[in-house]
Amino acid sequence: MSTENEGTAAPTPPAAPPVEPVTQQLPPTPAPGTEPTQQFPRTPEAQPAAVQPAAPAPAPPQAPAPAPAPAPAPAPAPAYAESPVPPVTPAYAEAPAAAPAPAPQAMGAEGWPPPPPAAPAYGAGGGQGGGGWGASLATDGAPQPKGRSKGGLIAGVLAAALIAGGVGGGVGYWAADRSANGSGSTTVSAGNTPKDLKRDPGSVAGLAAGALPSVVTIEASAGDGEGGTGTGFVYDQQGHILTNNHVVASAANGGKVSATFSDGKKYEAEVIGRAQGYDVAVLKLKNPPSGLKPLPLGDSDKVAVGDSTIAIGAPFGLSNTVTTGIVSAKNRPVASGDGSSGKNSYMSALQTDASINPGNSGGPLLDSRGAVIGINSAIQSAGNGGFGGGQAGSIGLGFAIPVNQAKNVAESLIKTGKPVYPVISVSVDLAAKTDGAKISETGASANDLVDPSGPAGKAGLKPGDVITEFGGKPIDSGPTLISEIWTYKPGDTVKLTYLRGGKPTTVDITLGSRVGDK
């Protein structure tokens with residue numbers, strides 16, 4: 001089939017050869033209200049734990065002689081509320097009931113680690129929180145019998161404290177015992193704690209604080225109500241927002257788009273241009289606020305493997321999420337798609353292990369100075385669509401469009417509303433199993449497979465030639481070639497190496513241009 005870089009389509013098998021890695025675009029998180037089992041607008045309050053009544057105290061035995069009442073039966077262990085556990089949240093074992101004891105005991109950890117007070121549900125409904133850590137002990141309302149002695153009462157209170165408080169009760173008793181013995185306070189405090197904790201502006205917290213006000217959560221919906229949530233960031237003071245095409249594609253024709261800032265203020269927006277092949281889109285706030293602060297743009301060509309990265313976005317609808325990592329690789333050829341169409345996007349991507357998930361799409365990837373070096377766009381998923389066949393999630397393989405490329409595309413979209421692609425005007429066989437990008441040989445006339453007046457035709461290339469190097473970088477497939485071509489601008493002159501009959505030839509080729517998506 002034809003690609004975004006060729007002139008006429010050639011009827012070759014539609015599937016592209018495997019590209020390492022084969023990825024998928026981060027799908028926009030479904031908009032609130034459209035799929036209640038997927039959205040996480042907020043975490044509800046924890047459900048109160050179930051309360052079990054204590055067993056009634058046994059009746060005193062009948063005897064001719066009066067006898068003191070027996071000690072009260074120990075109260076049952078607290079009933080721990082079971083949190084609604086989402087599909088990808090590990091299940092934690094319930095803590096075993098502690099046996100009453102007259103003295104502190106070492107507490108076990110059979111259910112370690114304990115669940116947090118509330119756990120967000122990923123890929124399941126509503127982001128429901130878990131229940132409380134435990135339930136307070138309950139009684140049946142019956143008056144408790146009087147103890148025979150002060151020592152018995154203290155023992156009963158101690159047993160109840162151990163049951164209710166677990167390790168905390170044991171530690172509390174130990175501390176009280178030490179204090180009673182006059183051995184001094186057990187309180188530990190930091191001697192040099194500052195009154196006002198100030199974070200270095202160059203720290204992750206400092207950089208995130210500076211960037212978050214310029215990052216927006218995008219909600220896009222089509223005329224039929226379908227849509228989702230993604231991310232974008234302020235590109236200039238005129239109110240332009242840079243994001244992914246697949247975030248707003250559903251709203252491009254008559255739909256609705258809004259952008260919500262980190263302070264909660266929401267603004268209506270419109271799509272002024274999008275490039276499906278690059279997976280880049282530009283929005284414009286209809287009534288932009290004053291004082292917009294664009295994020296500074298870095299130089300993605302100068303990024304090095306191992307550089308620190310910070311990703312900001314709204315994974316699964318959780319706005320203003322910050323994650324960190326490093327640049328894991330550069331110039332990673334990626335062909336990505338959202339599975340809803342037969343068209344792919346191509347990029348020579350920055351790879352990062354910063355955690356990004358559906359909803360991070362369109363968000364900025366920052367360097368250690370807080371400058372944008374990429375737009376988070378795709379992830380490598382495990383299995384078919386993620387763990388257990390569900391929605392894909394982060395496994396530490398994320399891919400971002402280099403910002404140098406995104407900037408060129410954005411400028412074109414702002415000026416004309418249409419993307420401009422550099423091309424060599426050939427039809428590449430995406431299904432060819434060759435070590436390189438093979439120019440198609442069948443399915444159309446030779447002039448349609450290689451435009452004789454186009455850049456490749458003028459340089460002498462013919463159908464059947466295999467392109468093995470472009471701009472000094474090795475080419476191992478058709479998608480890799482497209483990814484590399486699109487890192488340049490129309491009019492750039494690049495060295496290209498191809499094989500014909502096993503013999504390599506290197507030529508200079510001046511890139512042409514094509515306006516708009518096919």
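These questions and replies explain how several terms apply to this predicted model.

Me: What kind of model is this, and how are residues numbered?
Reply: This is a predicted model, where local features need pLDDT of at least 70 and side-chain atom pairs count only at pLDDT 80 or more, while totals for chains, interfaces and linings use all residues. Residues are numbered from 1 along each chain as its sequence is written, and side-chain values use heavy atoms, with hydrogens and water left out.

Me: What makes Asp367 and Arg369 a salt bridge?
Reply: A salt bridge is a side-chain nitrogen of Lys or Arg within 4 Å of a carboxyl oxygen of Asp or Glu. Here the N to O distance is 3.1 Å. That is within 4 Å, so the term applies. The structure holds six salt bridges.

Me: Is Asp367 called buried or exposed, and why?
Reply: Buried means under 20% relative accessible area, exposed means over 50%, and partly exposed lies in between (1.4 Å probe, protein chains only). Asp367 has 10% relative accessibility, so it counts as buried. Arg369 has 61%, so it counts as exposed.

Me: What makes Asp465 and Arg500 a salt bridge?
Reply: Their closest N and O atoms are 2.8 Å apart. The limit is 4 Å, so the pair qualifies. The pair links distant parts of the chain, 35 residues apart: Asp465 sits in the loop between α7 (455-458) and β17 (466-470), and Arg500 in strand β19 (residues 493-500). Helices (H or I, at least four residues) and strands (E, at least two) are DSSP runs, numbered from the N terminus.

Me: Why do Asp465 and Arg500 get their accessibility labels?
Reply: Asp465 is at 2% relative accessibility, so it counts as buried. Arg500 is at 34%, so it counts as partly exposed.

Me: How do you know that Asp508 and Lys495 form a salt bridge?
Reply: The closest N and O atoms are 3.1 Å apart. That is within the 4 Å limit, so this is a salt bridge. Asp508 lies in strand β20 (residues 503-510) and Lys495 in strand β19, 13 residues apart. At 48% relative accessibility, Asp508 counts as partly exposed.

Me: Why is the pair of Tyr278 and Tyr421 called stacked?
Reply: The whole structure has six aromatic pairs. The Tyr278 and Tyr421 ring centres are 4.5 Å apart and their planes at 15 degrees, so the pair is stacked. Rings of Phe, Tyr and Trp (its six-membered ring) pair if their centres lie within 6.5 Å; planes under 30 degrees apart count as stacked, over 60 as edge-to-face and the rest as tilted. Both Tyr278 and Tyr421 are buried.

Me: Why is the pair of Phe470 and Tyr488 called edge-to-face?
Reply: The centres are 5.8 Å apart, with 80 degrees between the planes. That angle is over 60, so the pair is edge-to-face. Phe470 is buried, with a relative accessible area of 0%. Tyr488 is partly exposed, at 25%.

Me: What makes the Thr352 link to Ile326 a polar contact?
Reply: A polar contact is a pair of N or O atoms within 3.5 Å; within protein, one must be able to donate a hydrogen and the other to accept it, and residues adjacent in sequence count only if both atoms are side-chain atoms. The side chain of Thr352 reaches the backbone oxygen of Ile326 at 2.9 Å. That is within 3.5 Å, so the distance fits. The backbone nitrogen of Ala354 lies 3.1 Å from a polar atom of the Thr352 side chain. Thr352 is in strand β11 (residues 345-352). Thr352 is buried, with a relative accessible area of 1%.

Me: How do you know that β3 and β4 pair?
Reply: Two strands pair if DSSP finds at least two bridges between them. Seven bridges join β3 (215-221) to β4 (residues 227-234), and the strands run antiparallel. Ala220 stands opposite Gly228 in β4. β3 also pairs with β6 (residues 256-260) in the antiparallel sense, over five bridges. Six of the seven residues of β3 are buried.

Methods:
Contact means heavy atoms within 4.5 Å.
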